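Look at the chain below and consider how its parts are arranged. The paragraphs that follow go through the domains and then the interface between them.

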Amino acid sequence: MVIMYTPAITFENDKLTIIDQTLLPDRFEYVPITTMTECIEAIKILRVRGAPAIGICAAYGLYLAAQSLSSKTYNEFRKEMDAICDLLYNSRPTAVNLGWAIQRIKSLYHANNDKPIEEVISFIRAEAIKIHSEDKEFCQQMGYNGLEVVPNPGNILTHCNTGSLATGGWGTALGIVYAAWEQKYRIHVYVDETRPLGQGARLTFWELMKNKIPCTLITDSMAGSLMKDEKVDLVLFGADRISKNGDVANKIGSYNLAALARFHGIPCYAVAPSSTFDLTLETGDEIEIEMRNSQEILHIYGYNDNLHDKAEVYNPAFDVTPAEFLTGIVTEKGIIKQPISKNLPKLIK
Ligand code: MRU
């Protein structure tokens, strides 16, 4: 089976374009990103989303920004770039891949302070391309590494979107689904709607249907009853930041799934590349969780803008699943099995 996946980000002839994911599934449109302002806006409003894709877009955005500067000296260049990096860093707080990609670019231009600015800019360009292509490769490796946990035949439940729309390749958790489908496993996927922004319903369902992979859309509240009825063999989701002990921050609702899977004795894995691990944090309690606009929930029910200021809405974009709730974490380097906190440092340095 050949997997047809649509790249969320393209960089051709020095032009950066992204699929505007806010329009899917109604409209499929690539939009250009030509400035850092556009890059930050795209990340903030989720035109581009998913931890690895955010990092990739940020890296290309920094190249475009570097190119647009008119600094005469290296010191001016560095000062302006540092300020741009800070702005970009603050666009979304939870996905560590953003800060990780920014740091890679920053270290590069800091280290090359003796080179002409044009050369430094060409290094930034090459680094952004490398970040992109590495992620594509890691997706493949995660997909194949994950095959060992996929039952055949099997029913997989997944959350949010972790596919080609969220990464530089075929995805993390969804990459395992693609690898299994490519290897002719008889799988079927339950797609959690993923409230409030519907990344499961709008994006994962769209990706799977395009590839004709058997799938069923459910609302988030249906997962428990499906598990009780023994219709789920495996739960797979992605990650936005993983602390040193293996706690996983991912799309709100992932914790519910992990707790339900644990209760029902169903294997549950987080799937993420090494760029999603934050070894500076001891536990998931230290992970900053992004709080989003109340309108994202209110608009679903038709509340108008006048009510917006008064209405009390709780809208965290992510939750944290404790490492002990997971069966393991699939990475491009292999699977971290329980006890995760003990095994994680052996694989992720
Ligand atoms: O708010 P989003 O859509 O950026 O959240 C995305 C997720 O939570 C994904 O599961 C995570 O980034 C992993 S994507 C490979």
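In this predicted model, the protein chain is divided into two parts: domain 1 covers residues 9–140 and domain 2 covers residues 151–347. Their C-alpha centres lie 25 Å apart. Where the domains are in contact, domain 1 contributes 28 residues and domain 2 contributes 33 residues.

The size of an interface is often given as the accessible area lost when the parts come together. Between domain 1 and domain 2 the buried area is about 2,500 Å². Carbon and sulfur atoms give 57% of that area. On the side of domain 1, Arg 49, Thr 94 and Val 96 supply 25% of the area buried against domain 2, which is more than any other three residues supply.

Next come the polar links. How many salt bridges are counted between domain 1 and domain 2? The count is one. Glu 290 forms a salt bridge with Arg 92, and the closest N and O atoms of this pair are 2.8 Å apart. Across the interface of the two domains, 16 residue pairs are found in polar contact, with both residues of each pair at pLDDT 80 or more.

The side of domain 1 that touches domain 2 can also be described by its elements. Those that give two or more residues to it are α2 (51–68), α4 (96–111) and α5 (117–146). Of these, α5 gives the most, with six residues. Sorted by type, the residues on this side of domain 1 are 16 nonpolar, seven polar and five charged.

Definitions and conventions:
Residues numbered from 1 in each chain as written. Predicted model: local features only at pLDDT ≥ 70, side-chain atom pairs only at ≥ 80, totals over all residues. Heavy atoms only, no water. Domains from an automatic or database assignment. Contact = heavy atoms within 4.5 Å. Buried area = accessible area lost by both parts, 1.4 Å probe. Salt bridge = Lys/Arg side-chain N within 4 Å of Asp/Glu carboxyl O. Polar contact = N/O pair within 3.5 Å; in protein donor to acceptor, adjacent residues only side chain to side chain. Helix = DSSP H or I, 4+ residues; strand = E, 2+ residues; numbered from the N terminus. Nonpolar A, V, L, I, M, F, W, Y, C, P; charged D, E, K, R; others polar.
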